[in-house]
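Here's a quick walk through this model, pockets and all. Have the structure open and follow along.

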Amino acid sequence: MDDADKPRYTVRVVAERVGVPTATLRSWSQRYGVGPSRHRPGRHRLYSENDVVVVRQMHELIGQGTSARSAARLAMDSVMLPRGDVDSLLSAAFELDLVALGRLLESHLRHFGVLDTWDLIVRPAFAAIVARQDASGGCIDVEHALSWAVSRALQRAPLAPLDPSTSVVLACTSRETHALPLEALRAALGERGHGALTLGADVPLPALTDAIARVRPPVTVMLWSQTAETADREMVRAAAAGAEVLLGGPGWEALPEVKPGVRVHSLREAVQCCVPGS
């Protein structure tokens, strides 16, 4: 851990250093996420030197007439959080601290992009939670809170128009409700200036084929299946009549061969397949 990231100062000490009431600091932390970035459950909330820099920057911006919300965003952008800090994300998740989760995710997305955020902190955090569930049960609430926070952060990524050279359609198979990976793919494509038509969870077969017919060809469809029960071979065949079909998610592992669909094993690979050369 970088020394500037080490938690060391109480809220009272920071309030004295910056020149604001402790109640104001607590309010900034609760409302805007400007507070201790490496809090651990069961311990006092301690600010690092980098946290103090953000607080001081926010205070100065407000003194210059900037609104508190805008000042918080500008201040957090002024200090780059550590790349791949999955421990802080997990701590916020197990505390069910949605404000801290949002701040960590949005900062990582702004500084390092969707692909690194997904690979370095989101997927490892979910893997750690699943491991805890397998070992001792529970933590379903933690998993859902993290999923909601990740979804919200990804949905804040700007929407890009559909590429005139190829149309990308993102859909979960019928009865499949795990749409988060498709939200990540949509955001990663948008980051590169390529739009995608996202149909979301539990997409009926007629809705998928209608969407393929409405958009400009050629069409690439990403079908997501999380479990074997939702790996729909018929949906693949129907979509393939009007599009190239990519298959994402562990659900397809139950089917040894799903022609003419092409298996995709990572978010990076999916971006490359949807928009070659990205």
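## The largest pocket

Domain 2 (86–156) and domain 3 (167–274) each give residues to the lining of the largest pocket, so this pocket lies between the two. Keep in mind that you're looking at a predicted model. The volume of the largest pocket comes out at about 1,000 Å³. Its lining is made up of 30 residues, and the ones nearest the centre are W118, P181, W224, Q226 and P250.

Which elements should you click on to see the walls? Those that give two or more residues to the lining of the largest pocket are α6 (98–136), α7 (140–155), α8, β3, β5 and α11. Helix α6 gives the most, with six residues. As for chemistry, the lining of the largest pocket splits into 15 nonpolar, nine polar and six charged residues.

## The second largest pocket

Now over to the second largest pocket, which holds about 360 Å³ of space. Here 18 residues make up the lining, with R31, Y32, E106, R152 and R156 nearest the centre. By class, you get seven nonpolar, three polar and eight charged residues in the lining of this second largest pocket.

Which domains supply this lining? Domain 1 (3–80) and domain 2 (86–156) each give at least three residues to the second largest pocket. At the level of elements, α2 (22–32), α4 (68–78), α6 and α7 each put in at least two residues. Helix α6 turns up again with the largest share of the lining of the second largest pocket, seven residues.

## How the domains sit together

Zooming out, the domain assignment cuts the protein chain into domain 1 (3–80), domain 2 (86–156) and domain 3 (167–274). The C-alpha centres of domain 1 and domain 2 are 21 Å apart. Between these two, 18 residues of domain 1 are in contact with 13 residues of domain 2.

One residue to look at here is F112, which has its place in helix α6. Setting aside its neighbours within four places in sequence, F112 is in contact with M80, L81, P82 and R83. And how far is F112 from Y32, C-alpha to C-alpha? The two are 21 Å apart in space, with their positions 80 residues apart in sequence.

## The sheet

Five strands build an open sheet, with parallel pairing and the order β2-β1-β3-β4-β5. Strands β2 (197–200) and β5 (262–264) stand at the edges with a single partner strand each, so each has one side without a neighbour in the sheet. Ignoring direction, neighbouring strands in this sheet are turned by 20° against each other on average.

For a closer look at one pairing, take strand β3 (residues 219–224) and strand β4 (residues 244–248): they run parallel and are joined by five bridges. Follow M222 across and you'll find L246, its bridge partner in β4.

## Helices on the sheet

Two helices are worth a look against these strands. Helix α8 (residues 180–191) packs on the sheet and touches β1 (167–172), β2 and β3. The direction of α8 makes about 160° with that of β1. Then there's helix α11 (residues 267–274), lying across β1, β3, β4 and β5. Relative to β5, helix α11 runs at about 135°.

If you jump back to the pocket from here, you'll meet familiar names: α8, β3, β5 and α11 are among the elements that give two or more residues to the lining of the largest pocket.

Technical notes. Residues numbered from 1 in each chain as written. Predicted model: local features only at pLDDT ≥ 70, side-chain atom pairs only at ≥ 80, totals over all residues. Heavy atoms only, no water. Pairing = 2+ DSSP bridges. Helix = DSSP H or I, 4+ residues; strand = E, 2+ residues; numbered from the N terminus. Axes fitted to C-alpha atoms, helices over the stretch in contact; angles between N-to-C directions. Contact = heavy atoms within 4.5 Å. 1 Å grid on protein atoms, 1.4 Å probe; cavity = no way out; pocket = protein on both sides within 12 Å on 5 of 7 lines; lining within 4 Å. Points joined across faces, edges and corners; volume = space filled by probe spheres on them. Nonpolar A, V, L, I, M, F, W, Y, C, P; charged D, E, K, R; others polar. Domains from an automatic or database assignment.
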